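Trainee: I am new to this structure. Please take me through one part of it closely: the pocket that takes up the most space.

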Amino acid sequence: MKLNFPENFWWGAATSGPQSEGRFKKAHANVFDYWYNIEPEKFHHQVGPDTASNFYNNYQEDIRLMKEIGLNSVRTSIQWTRLIDDFEAGTVNAEAAAFYNRVIDEFIKNGIRPVMNLHHFDLPIELYQQYGGWESKHVGELFVKFAEKCFELFSDRVVDWFTFNEPMVIVEGEYLHQFHYPNLVDGPKAVQVAYNLQLASAKVVRKFRQTNRTPKGKIGIILNLTPPYPASNSAEDLAASEYADMWLNQFFMMASTKGHFPEKLMNIFREDGVMFDASAEEYTIIKENLVDYLGLNYYHPHRVKAPEISPKSLTIDWMPDNYYDEYEMPGRRMNVDKGWEIYPKAVYDIAMDVKNNYGNIEWFVSENGMGVSREERYLNASGMIEDNYRIQFIQEHLYWLHRAIDEGANCFGYHLWTPIDCWSWGNAYRNRYGFISNDIHTQTRTIKKSGHWFAEVSKQNGVEIGKELLQQIDPKK
Ligand code: BGP
């Protein structure tokens, strides 16, 4: 069965500056560069961000390969720590600007739409040390300065812009679950940081509308929308699931698309004495600067149940996730390498959520993918990785996406994480996600079977799904 997608559908893949470029000629360090400098043992096999996948030096060849596998759009990010020399003054590093200009031109020359994100977890370490990073609204102002320079320099050719990648992961990583430097555990601070990130995003949207150089230009935000599924229909589990949705999803979704925060969640914050500091003027900025569209990252569902300890208990510190517990559904299907559940139907649920609750705003799948370790296990005689598991993973997600589009979802694209195996935060190169493999010792690229397969999907503007797989995906069909 062939599933056809709408005209001009984005078939692409996503990466980020700090995960692909390497630190070559970069004047400043971001939080991960710094963390690696001081605690390299915290990174898988002690592999840090210094070389990443060498995109800084190899971008021409990389973009040619991306074209070869049929990508018509690619997202990456501009590194604040590369582009800006002086954060307060917002002065541009000429060599960095020249690099990004070459990259953008190369994408366009190869018929690939460059999609640019402004922040992918790469806060300059100096801004953490001086101001406490996103805890400070001043840092949000400096981020607007950086964004303004990006728009001035590149928005004549780049028409697709995004403010943040997964702001909730910044909150979780830096302030709750200790997987991003500075590894703090502080619930009330996390709430303030979440608000500050939303405020910074709205201010960047406002700046974009003042500075953007082409009428076609659009700006959005990339959110990891992870639908919560309750363990049961008990009132307690449903309440836990509703709370998880308000905190993890609605917080940024509502504020970015409707200009306000979920009222019920705000009431909980007020009752618990953790309401963030905000002014009437800031609320107006958030209200008046909504995004044009969204990128939604989806990897795995979020299964939740009522918490074992009462969230109002005085014996535990206040944390936003005291209101729900994680739930391991018996019999769930796992990607054991990464430890994430595989549940493709969630793509349909996300699409319906956007359609029914967020005005059916335009969006695309900005990340989806399957991290697999030791992929050399699947090398064939001619040296190609036969990643049939990835092909099937994509087919299944595309099946549910197609179904949602058929039912009126306003989705215009699908991006896999990632075009070429890239470096990833603490995981370094443990989980491989790419259409193209990268030998990190020799920096040699080889297209995987999924890459060749995706070229055909892109060419056909549709995906072929065999009878047997169809039966597995949706037995009711
Ligand atoms: C997403 C991030 C990406 C990438 C991906 C895979 O949340 O936006 O930057 O890292 O997750 O993560 P990992 O390689 O750690 O498995």
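Mentor: Start with helix 8. This helix gives the largest share of the lining of the largest pocket, 3 residues. Keep in mind that the model is predicted.

Helix 8 covers 167-176. Three strands also supply at least two lining residues each: strand 11 (302-305), strand 12 (325-326) and strand 14 (340-341). In total, 39 residues line the largest pocket. Look for the ones nearest its centre: Val 169, Glu 172, Phe 179, His 300 and Trp 340. The pocket's volume is about 1200 Å³. By class, its lining holds 14 nonpolar, 14 polar and 11 charged residues.

Now turn to the second largest pocket. Its space comes to about 540 Å³. Its lining counts 23 residues. Glu 376, Arg 432, Asn 438, Asp 439 and Ile 440 sit nearest the centre of this second pocket. Two strands each give at least two residues to its lining: strand 17 (436-439) and strand 18 (444-447). The classes here are 5 nonpolar, 10 polar and 8 charged residues.

Arg 432 leads to another residue worth finding, Glu 375, since the two touch. Glu 375 sits in the loop between strand 15 (363-367) and helix 14 (388-406). Is Glu 375 buried or exposed? Glu 375 has a relative accessible area of 2%, so it counts as buried; the cut-off for buried is under 20%. Its side chain has polar partners. One polar contact, of 2.9 Å, runs to the side chain of Arg 390. Another, of 2.6 Å, joins the side chains of Glu 375 and Lys 448. Leaving out residues up to four places away in sequence, Glu 375 also touches others, including Ile 385, Asp 387, Tyr 389 and Asp 421.

Finally, step back to the whole chain. It contains 16 helices and 19 strands. Of its 477 residues, 61% are buried. The C-alpha trace spans about 60 × 60 × 45 Å along its principal axes. The radius of gyration is 21 Å, which agrees with the value near 23 Å for a compact globule of 477 residues. Contacts also reach far along the sequence. Among those between residues at least 6 apart, 76% join residues at least 24 apart.

How values were computed. Residues numbered from 1 in each chain as written. Predicted model: local features only at pLDDT ≥ 70, side-chain atom pairs only at ≥ 80, totals over all residues. Heavy atoms only, no water. 1 Å grid on protein atoms, 1.4 Å probe; cavity = no way out; pocket = protein on both sides within 12 Å on 5 of 7 lines; lining within 4 Å. Points joined across faces, edges and corners; volume = space filled by probe spheres on them. Helix = DSSP H or I, 4+ residues; strand = E, 2+ residues; numbered from the N terminus. Nonpolar A, V, L, I, M, F, W, Y, C, P; charged D, E, K, R; others polar. Buried < 20%, exposed > 50% of the residue type's maximum accessible area, 1.4 Å probe, protein only. Polar contact = N/O pair within 3.5 Å; in protein donor to acceptor, adjacent residues only side chain to side chain. Contact = heavy atoms within 4.5 Å. Rg over C-alpha atoms; globule rule 2.2 N^0.38 Å.
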